[in-house]
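User: I am new to this one. Please walk me through it and show how each label is earned.

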Amino acid sequence: MIKVLLITNESILERMLTVTLTINGLTVKSVSHLSDATAELSKDEYQLLMIDSDYAEVGDLIRQKGFTLPVLMFTDEADTQLDDMHFLPRPFDFPRLKEKMNGILKRRKSLKERLIEHGPLKIDLNNLLVS
């Protein structure tokens, strides 16, 4: 099951996304503070982090703490992507959100498949590293 962590302080957005994503088979946890988000990421495994534009700095802070999950930020800017940070312009409808999420998760899955592990040997084809 796909688990999504949502960071927002807008109750209407939080309620709409939680209900819509849950109906569509995803598990959603919502928090409104960075400390709650990092605590939640430390104790559970999420496949996607969704951030409201009020928390723009959160994506960078999450990366600084070592978390590597993809981030989808709702913003007033254009629909774009920077590495594993994806931006979805507001307002958006559910079909567009679903399309964006499917693309992110599909890309994430294909990147994960590029890690080969055999016993203690790990080959990361994304970063061309052997450990």
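Analyst: Read along the sequence, the pattern is β-α-β-α-β-α-β-β-β-α-β-β-β. That gives 4 helices and 9 strands. Helices (H or I, at least four residues) and strands (E, at least two) are DSSP runs, numbered from the N terminus. This is a predicted model: local features need pLDDT of at least 70, side-chain atom pairs count only at pLDDT 80 or more, and totals for chains, interfaces and linings use all residues. Residues are numbered from 1 along each chain as its sequence is written, and side-chain values use heavy atoms, with hydrogens and water left out.

User: Why does K100 count as buried?

Analyst: Buried means under 20% relative accessible area, exposed means over 50%, and partly exposed is in between (1.4 Å probe, protein chains only). K100 has 11% relative accessibility, so K100 counts as buried. The place of K100 is in helix 4.

User: What does the side chain of K100 reach?

Analyst: The side chain of K100 reaches the backbone oxygen of F87 at 3.5 Å. A polar contact is a pair of N or O atoms within 3.5 Å; within protein, one must be able to donate a hydrogen and the other to accept it, and residues adjacent in sequence count only if both atoms are side-chain atoms.

User: How much of the whole protein counts as buried?

Analyst: Of the 131 residues, 35% count as buried.

User: What makes strand 4 mostly covered?

Analyst: Strand 4 spans residues 71-75, and 5 of its 5 residues are buried. In a regular strand the side chains alternate between the two faces of the sheet. Here both faces are covered: V71, M73 and T75 on one side, L72 and F74 on the other.

User: Which residues cover the two faces of strand 3?

Analyst: L48, M50 and D52 lie on one side, L49 and I51 on the other, and all are buried. That fits the count for strand 3, where 5 of its 5 residues are buried. In strand 6, 4 of its 5 residues are buried.

User: How do you know that strand 3 and strand 4 pair?

Analyst: Two strands pair if DSSP finds at least two bridges between them. Strand 3 (residues 48-52) and strand 4 are joined by 4 bridges and run parallel. One partner of D52 shows it: F74, in strand 4.

User: Which sense does the pairing of strand 4 and strand 6 take, and over how many bridges?

Analyst: The sense is parallel, over 5 bridges. V71 stands opposite M85 in strand 6. M73 has F87 as its bridge partner there.

User: How many bridges join strand 1 to strand 3?

Analyst: The number is 4, and strand 1 and strand 3 run parallel. L6 has M50 as its bridge partner in strand 3.

User: What makes a group of residues a nonpolar core?

Analyst: The members are buried Ala, Val, Leu, Ile, Met, Phe, Trp, Tyr and Cys residues, joined through side-chain atoms within 4.5 Å. The largest core has 17 residues, and M50, L72, F74, L97 and M101 touch the most other members. Strand 1 (3-7), helix 1 (11-23), strand 3, strand 4 and helix 4 (94-112) each supply at least two residues of this core. Helix 4 gives the most, with 4 residues. A second, separate core has 16 residues, including A37, L49, V58 and F67.

User: Which residues is M101 in contact with, leaving aside neighbours within four places in sequence?

Analyst: Contact means heavy atoms within 4.5 Å. On that count M101 is in contact with V4, L21, L26, L48, M50 and L72.

User: Why is the pair of F74 and F92 called stacked?

Analyst: Rings of Phe, Tyr and Trp (its six-membered ring) pair if their centres lie within 6.5 Å; planes under 30 degrees apart count as stacked, over 60 as edge-to-face and the rest as tilted. By this rule there is 1 aromatic pair. The ring centres of F74 and F92 are 4.8 Å apart and their planes are at 20 degrees, so the pair is stacked. F74 lies in strand 4 and F92 in the loop between strand 6 and helix 4, so the pair ties together parts that are 18 residues apart in sequence.

User: Are F74 and F92 buried or exposed?

Analyst: F74 has 0% relative accessibility, so F74 counts as buried. F92 has a relative accessible area of 18%, and is buried too.

User: Which peptide bond is cis?

Analyst: The bond from R90 to P91 is cis, with omega near -5 degrees. P91 lies in the loop between strand 6 and helix 4.
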